Amino acid sequence: MVTIRPVAVDSRDAHALLEEYFALRASIFPGGGYRITFPAPDSFREPEGVFLVLYDGEEPAGCAGIRRLEDGALGPRFEVKHLYVCDAGRGRGWGRMLLQDLERRAVEAGGAEMVLDTHHTLDAAGSLYERSGYVPTEPYNDNANATRWYAKPLA
């Protein structure tokens, strides 16, 4: 059974998934030079954010988080970070499950908008975001690992 649980971003399961995610990103990043930055634990603590781990039974199989940013034109804004599903979980809808859970939590925290950045080489991620209602937007940060920025108003 698949479950999603909030965890500390520096917990053993979250850290192991982030290590996998960063290693994968670094291995396929065009020209090398992918900048690895493990998230600060305070960035993903409620009410300013949350970090989730998706479990397949008791096995950690995916992760993602949101953190509060400065308000945007629509009001309170949350940023999606580190959405990752392990190889065995891809194509099973787990990325969408994580994203929907994050959106629900952002709404419950008073969020009016979700934003995220990604890289153009991550085709599956870009497709997931677009199918989920995210639209291209102007860059809202200076992330050297990003080439695309998306936003979605929350109802």
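Select H82 first; in this predicted model, H82 sits in strand β4, which spans residues 75–85. Is the residue buried or exposed? With a relative accessible area of 12%, H82 is buried, because the limit for that class is under 20%. Display the backbone torsions next: phi of H82 is near 55°, a positive value in a residue that is not glycine. Most residues other than glycine have a negative phi, and most peptide bonds are trans.

**The loop between α1 and β2**

The second half of that general statement leads to P47. Select P47 in the loop that runs between α1 (12–28) and β2. Then show the preceding peptide bond: from E46 to P47 the bond is cis, and omega is near 10°.

Keep this region in view and add R45 and D42. What joins R45 and D42? The two form a salt bridge in which the closest N and O atoms are 2.1 Å apart. R45 is partly exposed, its relative accessible area being 44%. D42, by contrast, is exposed, with a value of 56%.

G32 can be selected next, as G32 also has its place in the loop between α1 and β2. The relative accessibility of G32 is 33%, so G32 counts as partly exposed. A distance monitor drawn from G32 to A61, C-alpha to C-alpha, should read 26 Å, while 29 residues separate the pair in sequence.

**Salt bridges**

How many salt bridges does the structure hold? The structure holds nine. Besides the pair of R45 and D42, the following are worth displaying.

Select R5 and E58. Their side chains meet in a salt bridge, with a distance of 3.4 Å from N to O. R5 lies in strand β1 (residues 2–7) and E58 in the loop between β2 (49–56) and β3 (59–72), so the salt bridge ties together parts that are 53 residues apart in sequence. Colouring by accessibility separates the two partners: R5 counts as partly exposed at 30% relative accessibility, whereas E58 counts as exposed at 62%.

Move to D71 and R68. This pair forms a salt bridge whose closest N and O atoms are 2.6 Å apart. Both partners fall in the partly exposed class, D71 with a relative accessible area of 48% and R68 with one of 30%.

Finally, select D101, R104, R105 and E108 together. These four residues are linked in a network of salt bridges.

**Helix α2 and its surroundings**

Show helix α2 (residues 94–108) and select M97, which lies in this helix. M97 has a relative accessibility of 32% and therefore counts as partly exposed. Which residues does M97 touch, not counting those up to four places away in sequence? The residues are V2 and I4. For a further distance monitor, take M97 and T3: their C-alpha atoms are 9.7 Å apart in space, although the two residues are 94 apart in sequence.

**The packing of α2 and α3**

Now add helix α3 (residues 123–131) to helix α2 (residues 94–108). Two packed helices are described by the angle between their axes and the distance between the axes. Here the axes come within 11 Å and cross at roughly 50°. That angle lies between the roughly parallel range, under 35 degrees, and the roughly perpendicular range, 65 to 115, and α2 and α3 are therefore oblique to each other. Their crossing is right-handed.

Which residues of α2 and α3 meet? Select G95, R96 and L99 on the α2 side, and L128, Y129 and R131 on the α3 side. The residues of this contact divide into three nonpolar, one polar and two charged.

**The last stop: S132**

Select S132, in the loop between α3 and β6 (135–136). At 11% relative accessibility, S132 counts as buried. Which residues surround S132, leaving aside neighbours within four places in sequence? S132 is in contact with R96, L99, E103 and K152. Two of these, R96 and L99, can stay selected from the previous view, where they belong to the α2 side of the contact with α3.

Methods. Residues are numbered from 1 along each chain as its sequence is written. This is a predicted model: local features need pLDDT of at least 70, side-chain atom pairs count only at pLDDT 80 or more; totals for chains, interfaces and linings use all residues. Side-chain values use heavy atoms; hydrogens and water are left out. Axes are lines fitted to C-alpha atoms, for helices over the stretch in contact, and angles run from 0 to 180 degrees between N-to-C directions. Helices (H or I, at least four residues) and strands (E, at least two) are DSSP runs, numbered from the N terminus. Angles under 35 degrees count as roughly parallel, over 145 as roughly antiparallel, 65 to 115 as roughly perpendicular and the rest as oblique. A crossing is left-handed if the near helix is turned anticlockwise from the far one by less than a right angle, and right-handed if clockwise. Contact means heavy atoms within 4.5 Å. Ala, Val, Leu, Ile, Met, Phe, Trp, Tyr, Cys and Pro count as nonpolar, Asp, Glu, Lys and Arg as charged, and the others, Gly among them, as polar. Buried means under 20% relative accessible area, exposed over 50%, partly exposed in between (1.4 Å probe, protein chains only).
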